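Colleague: Before I use this model, I would like to know what stands behind the words used to describe it. Please take the terms one at a time.

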Amino acid sequence: MARFWNFSAGPSMLPYDVLNQISIDVLDWNSTGISVTDINHRSKYFEIIYNQAESDLRALLGLSSDYCILFIQGGGQGANAVVPMNMIGMNGINRADFIISGYWSYKSYLEACKYGDVSIVADNGYTTKIDCNDYGPYTWFPENKSIKTREGSSYLQFCSNETINGVEFVDWGDIANSINKDAVLVVDASSNFLTRVLDIDDTGVVFACAQKNAGISGVTIFIVRKDLIGNALNICPSIFDYMNLFHGHSRYNTPPVFAIYVSGLVFKWLRRNGGVKKMESNNLEKSRMLYDFMDSTSFYINKIHPSVRSRVNIPFHLKNDLLTNIFIEKAENRGLMNIRGHRSVGGLRASIYNAMPIDGVMDLINYMRDFECYYG
Ligand code: PMP
């Protein structure tokens, strides 16, 4: 059976061991004679799957008892509504603030605007399109050690890794300290969750859709500080109310049983393979190899400020954009799949999440070198 390297931003590669286990469990889960796809969400079997997934994730994150884990449907974009519906009213007035660093944080902002008075307090391209800095819009993180939230604002949201633009920012301690005391940080960590150590203790909520580093599409993982639960707006659908999800162990209605099961297998795989710290060093090494190669030639261009270059989503362009389609076609012939950049920015992108081994990145670099030799 031919297997390719999948550089997709999501759904992305699952570890081979996980795929293998799924193939067994689909026919007969845990020698019960039942397919994992048939397991009822109120059954003792799902109880086992759920509790194990939750405790493995807790262990991976070193999560304190102040936080709970919720598995919610609706994807990353659903989270853009789930968060304001649960949190925008926490201080009595419906107000929240955003930092914009690219496509996804901007999209989150637009969604949140439906629920109240929402404002951008810092951005790297939305309002400062022209004179941002030498790097251009969406290529740096608008970090400001004295970022303030507005009076009455419940939270400040940003994206820790802009999957499309390739901007990654995780040093949010200063921001956590400078915002108003009655506001919390909300982090969309959809694409770098479990790929490096994140400082969850400085946040109110961290969320991540699963289909990049934590399983398959269909479930979004929320890490929620427990004292923030219980503030949902009246209009919040019951199935998205943190309170119902918390008390019902993410089973207010039928949850995505299969997706949660797959997430559980990924968490086990992560624990067997050194945990988040080990993933962090792997991802640092893989991305460094790719950036070092790109920086050694003018044939490939990555415009992101070096201090915030993503370790997991690496967008790049060819100096000669006309060669892009040929690059993609020939890459596929070499088993390097889904290397096309997002439709909003064009160019190319290599997503090298936890499940992408170093060999995959080596194959990509070797291909890029050959392509340059031929067309450069
Ligand atoms: N946030 C980020 C950072 C993402 O990368 C994505 C998906 N690529 C989303 C949100 C949206 O996720 P979904 O497609 O599951 O709605």
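Modeller: A polar contact is a pair of N or O atoms within 3.5 Å; inside the protein, one of them must be able to donate a hydrogen and the other to accept it. Keep in mind that this is a predicted model.

Colleague: What makes the approach of the Asn86 side chain to the backbone nitrogen of Tyr242 a polar contact?

Modeller: The side chain of Asn86 reaches that nitrogen of Tyr242 at 2.9 Å, and the limit is 3.5 Å, so the pair qualifies. A polar atom of the Asn86 side chain also lies 2.9 Å from the backbone oxygen of Phe240.

Colleague: Why is Asn86 called buried?

Modeller: Its relative accessibility is 1%, and buried means under 20%, so Asn86 falls in that class. Asn86 sits in helix H3. Beyond its neighbours within four places in sequence, Asn86 is in contact with Asn231, Ala232, Cys236, Phe240, Asp241 and Tyr242.

Colleague: Is Gly76 buried or exposed, and how do you know?

Modeller: Gly76 has 16% relative accessibility and therefore counts as buried, the cut-off being under 20%. Gly76 is another residue found in helix H3. Not counting residues up to four places away in sequence, Gly76 touches Ser190, Phe207, Cys209 and Thr220.

Colleague: Which residues surround the ligand?

Modeller: Gly75, Gly76, Gln77, Trp104, Cys159, Asn161, Thr163, Asp188, Ser190, Cys209, Gln211 and Lys212 do. Helix H3 gives the most to this shell, with three residues. By class, the shell has three nonpolar, seven polar and two charged residues. Two of its members, Gly76 and Gln211, are 135 residues apart in sequence, but their C-alpha atoms are 9.7 Å apart in space.

Colleague: What makes the link between Thr163 and the ligand a polar contact?

Modeller: A polar side-chain atom of Thr163 lies 2.4 Å from an oxygen atom of the ligand, which is within 3.5 Å. A polar side-chain atom of Gln211 lies 2.9 Å from a ligand oxygen, and a backbone N or O atom of Gln77 lies 2.8 Å from one. Taken alone, the ligand exposes 390 Å², of which the protein buries 84%.

Colleague: Which residues of helix H4 are buried, and why are they said to line one face?

Modeller: The buried residues of H4 are Ser105, Ser108, Tyr109 and Ala112. Seen down the axis of H4, they fall within an arc of 100 degrees, so they line one face of the helix. Their cover includes H3 and strands S3, S4, S5, S6 and S8.

Colleague: Why does Val187 count as buried?

Modeller: Val187 has 0% relative accessibility, and the class begins under 20%, so the label holds. Val187 lies in strand S8. Its contacts, leaving aside neighbours within four places in sequence, are Phe158, Ser160, Trp172, Thr203, Val205, Val206 and Phe207.

Colleague: What makes the backbone at Ser31 and Ser250 worth noting?

Modeller: Most residues other than glycine have a negative phi. Phi of Ser31 is near 55 degrees, and phi of Ser250 is near 60 degrees. Ser31 is in the loop between H1 and H2, and Ser250 is in the loop between H6 and H7. At 70% relative accessibility, Ser31 counts as exposed, whereas Ser250, at 2%, is buried.

Colleague: Which residues does the cis peptide bond join?

Modeller: The bond joins Gly10 and Pro11, with omega about -5 degrees. Pro11 is found in the loop between strand S1 and helix H1.

Definitions and conventions: Residues are numbered from 1 along each chain as its sequence is written. This is a predicted model: local features need pLDDT of at least 70, side-chain atom pairs count only at pLDDT 80 or more; totals for chains, interfaces and linings use all residues. Side-chain values use heavy atoms; hydrogens and water are left out. A residue is near a molecule or strand if one of its heavy atoms lies within 4 Å of it. Accessible areas come from the Shrake-Rupley method with a 1.4 Å probe; for residues, only the protein chains shown count as cover. Helices (H or I, at least four residues) and strands (E, at least two) are DSSP runs, numbered from the N terminus. Ala, Val, Leu, Ile, Met, Phe, Trp, Tyr, Cys and Pro count as nonpolar, Asp, Glu, Lys and Arg as charged, and the others, Gly among them, as polar. Buried means under 20% relative accessible area, exposed over 50%, partly exposed in between (1.4 Å probe, protein chains only). The arc is that of the directions from the helix axis to the C-beta atoms. Contact means heavy atoms within 4.5 Å.
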